[in-house]
Amino acid sequence: MTAHPAPPQAAARGMGAALRQDSALKHATGEARFLDDLPEPPGLLHAALALSPVAHGRLAPLDPAPALALPGIVAVLRPGDIPGRNDIASAGSNEPLLAEGMVEHAGQPLAIVVGMTRDAALAGAAALRPEIAPLPAILSLEEAIAREAWVMPPQEIRRGDAAAALAAAPHRLAGEFRAGGQEHFYLEGQIALALPGEDGEMTIHSSTQHPTEVQHIAARVLGCPFSRVTAVTRRMGGGFGGKESNASWVAAAAALAARHTGRPVKLRLSRKADMAATGKRHPFLYRWQAGFDGTGRILALDATLAADAGHSLDLTAGVVFRAITHALGCCDVPDVALRALACRTNTVSHTAFRGFGGPQGALLIEDVVHRVAGALGQPPEAVRARNFAGGENGAETPYGQALEGALIRRVWAEAQRDADWSARRREIAAFNAAHPTLRRGLGSMVLAFGISFGQMHMNQAGALVHVYTDGSIRLNHGGTEMGQGLFIKVAQVVASVFGVDVDRIALSATSTAEVPNTSPTAASTGSDLNGWAAHAAASAIRGRMAAVAAAEWGVPAEEIAFAEGQVTAGGNRAMEFGELARLAYMQRVSLSATGFYRTPDIHWDRAAMRGEPFFYFSYGAAAVEVAVDLLTGEHRCLAAHLVQDCGRSLNPAVDLGQVEGAFVQGLGWLTCEELWWDAEGRLRTLGPSTYKIPGSRDVPPVLRVRLLEGAPARSETIFRSKAVGEPPLLLATAVWNALKDAIGTDRLDAPATPERVLMAIRGG
Amino acid sequence: MSRVTLRVNGEERSLELDPRTTLLDALREQLQLTGSKKGCDHGQCGACTVMVEGRRIYSCLTLAVMHDGEAVTTIEGLGRPDALHPMQAAFVKHDGYQCGYCTPGQICASVATLQEIEAGIPSHVTADLTAAPQLTAEEIRERMSGNICRCGAYSNIVEAITEVAGRPA
């Protein structure tokens, strides 16, 4: 893109308006149809998966007889039944849909059982008796590191000479800690409905963030051209990254069963199977050494961030890229060596989860800041501020992209002010002095989060807009709706281009048949990319319509204005938008257009690990207060003040919800959501009874969220807005920091469950 | 197979079903009332919450045959887009949802929560068990703790309930 039209001004119901989501009324009345709510087609069959109970071993060919002996079983599909390739790899290769010869993790799919009913299919899957000769399994990051078991080569970002700077620093510290993974627990589990058609066609309704990948992987498994497969997604009941790559294999399994039987097949994973068979947020192990001076300035950092990738690559390359590019957070450290290890373990392949390695990366610098502050007897927020990028320190990240130091300082100043930070410090000190068994603590966080896909080619989007002759408008784009409000935001963009009310825009399900070759709705880029693509499509049609009006009225096209459902020229010529649409049709002018966008200016040199991979950064800050019971380790977040930079918000209602929700999800990751694998590598937290997701009582009673005002994006983003999906998840790091502040500990692994807090209180 | 008659959203509905059929499956698969969602199918997430005889219940944890002759109210029975129940309207006004999957259950639980407070039923956080429970945010959060919202819209949900209860949010 070389030039974009100037953004129109915000209107009451257009850009920047706090409009409710497109599906609001349908959600509140139960009319919104999720995939499992669609009327079932005649002849529908149901599929279920047989999963490996063993983490690593040799698998004998599976005997289907025990399932086939049961009533209502139609087929048992094994690797040999796959007409195409048994490979569902997203980025790498050779990640089997169904294990063949070798099992690599507990929960790995072994066979697809197809039944007349879902109950029959589930009973059939449970009846299978896989023969697996166990082999030694790698079940810890330490073991993977010791054996140098990687899913990809280690990555390193270096600047200066970290070893020399460490040696020369007045003070040195070393640290080690870990952060757990996180189950997505989208309330709507993984589901797909595959409908076989004529000539080898397959239509797949999928709850996916990435319809194009569903199309590609289903075609790969079926052994057919992409053009034979159509993937459709109207909405998801939550995604959070868990339906970026994992939805693809679920859809491919349904498509395989539909191809094999010639009948429609639905595959809806039970919650237990979903939690056993789909990837999570990557757990991390951190080891670091830092050199600093007496003022708290961190001079050198040598760190290793080891990610548990699970048994295969999946999206791990992007996750470790984001982890090491975010490991200094909002801070500057002159001499650094940051290594990322992508460890191969016999665990489910870990995957995208809101933040995509960014939240894990940011924990590193926060741990260093906390320890340096402790060593110097300074508050952590002072040490962090001493090291803020920009100002007296360097503004460039170690990989060569500049941060905006003024925004970093501004968000922190505003969060501090909102929380009345100094007064709160005094109150807490008084409270702690008066209570023998309760401790309060204060914690802060300042984030800088880079926006763009780490894979440069993915930063593109398409849209398709039709104007009909009654003036109604249909919008389609490559982005998917998962509750983040993307559809209303993009509709607002199109409405503002045409100068019509947003209600005139008919939204439609994302489909690979309408907009092809799309990127996943991920990396917070949904509205950035699809907003511009839809803008381009709508602007093309508006340009043609303006030419028609200009000719009709004998005025220059530049004088034609589109506003409030009217098309006008000067003060005395006007017609309804629909009237002009009809006129354009009568004059044989096309009222349909595709739009395309690619993010400008981004680049990355993989060999040098340098470049400017992000279109821009989002910033945010948090100040939170917690209380800890010293006798039990139980804790609560009492108050949180959050300030998030969304540029010039496209829709403040949607953005505030995203900030709040991301904070709550981050709070869960860091404090209560604990994945627990047993000694045999089987995940034993397979439902909300054992895996604790934040509930209504876990949200701080005081939760104040504010969008940074008067801060339009500097980059040429859609209407100068900024992405919001992932960055505010990092704000919850303030809770982890506050817990450390309350109990005065050096090391607190995440999730900081009551057990871990109690152990930290008791010194080990 | 068993016969069961339910009064669903004011209408008598006679069903012939396997006695092991949950109320949720009967609603979703036999009556095509798909507003109630299956989130975990184990009574742990709350997405399937409906009201039976005016009391909220996880419809995935109860069998349809256990409710013969009883009145069942689902999200569809509370209101429609052109005639919203006040709680539905408040959820829309306060953005008490994101993905919407937990929303029908949240709204049914919210309606029941206010009725329970009104009826003087105490909760775990009610300090005085002999006095009428107070309509505080703490009471609402406690009573809504059986409904998970993975998108984290809890604060807005509490605001919506508080508004319907007649107190400033």
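Reading along its sequence, chain B runs β-β-α-β-β-β-α-α-α-α-α, which adds up to six helices and five strands. Helices (H or I, at least four residues) and strands (E, at least two) are DSSP runs numbered from the N terminus. This is a predicted model, in which local features need pLDDT of at least 70 and side-chain atom pairs count only at pLDDT 80 or more, while totals for chains, interfaces and linings use all residues. Residues are numbered from 1 along each chain as its sequence is written, chains are lettered from A and ligands numbered from 1 in the order written, and side-chain values use heavy atoms, without hydrogens and water.

**Size and packing of chain B**
- The C-alpha trace spans about 50 × 35 × 30 Å along its principal axes.
- Of its 169 residues, 56% are buried, meaning under 20% relative accessible area with a 1.4 Å probe, protein chains only.
- Among contacts (heavy atoms within 4.5 Å) with a separation of 6 or more, 53% join residues 24 or more positions apart.

**Charge on chain B**
- Chain B carries 15 positive and 21 negative side chains, counting Lys and Arg as positive and Asp and Glu as negative, with His and the chain ends left out.
- The centres of the two sets lie 3 Å apart, with each charge placed at NZ of Lys, CZ of Arg, CG of Asp or CD of Glu.

**Nonpolar cores**
- A nonpolar core is a set of buried Ala, Val, Leu, Ile, Met, Phe, Trp, Tyr and Cys residues joined through side-chain atoms within 4.5 Å.
- In the largest one, with 216 residues, A:Leu301, A:Phe498 and A:Ile560 touch the most other members.
- Helix H15 (residues 526–553) of chain A gives this core its largest share, 13 residues.

Technical notes. Buried < 20%, exposed > 50% of the residue type's maximum accessible area, 1.4 Å probe, protein only.
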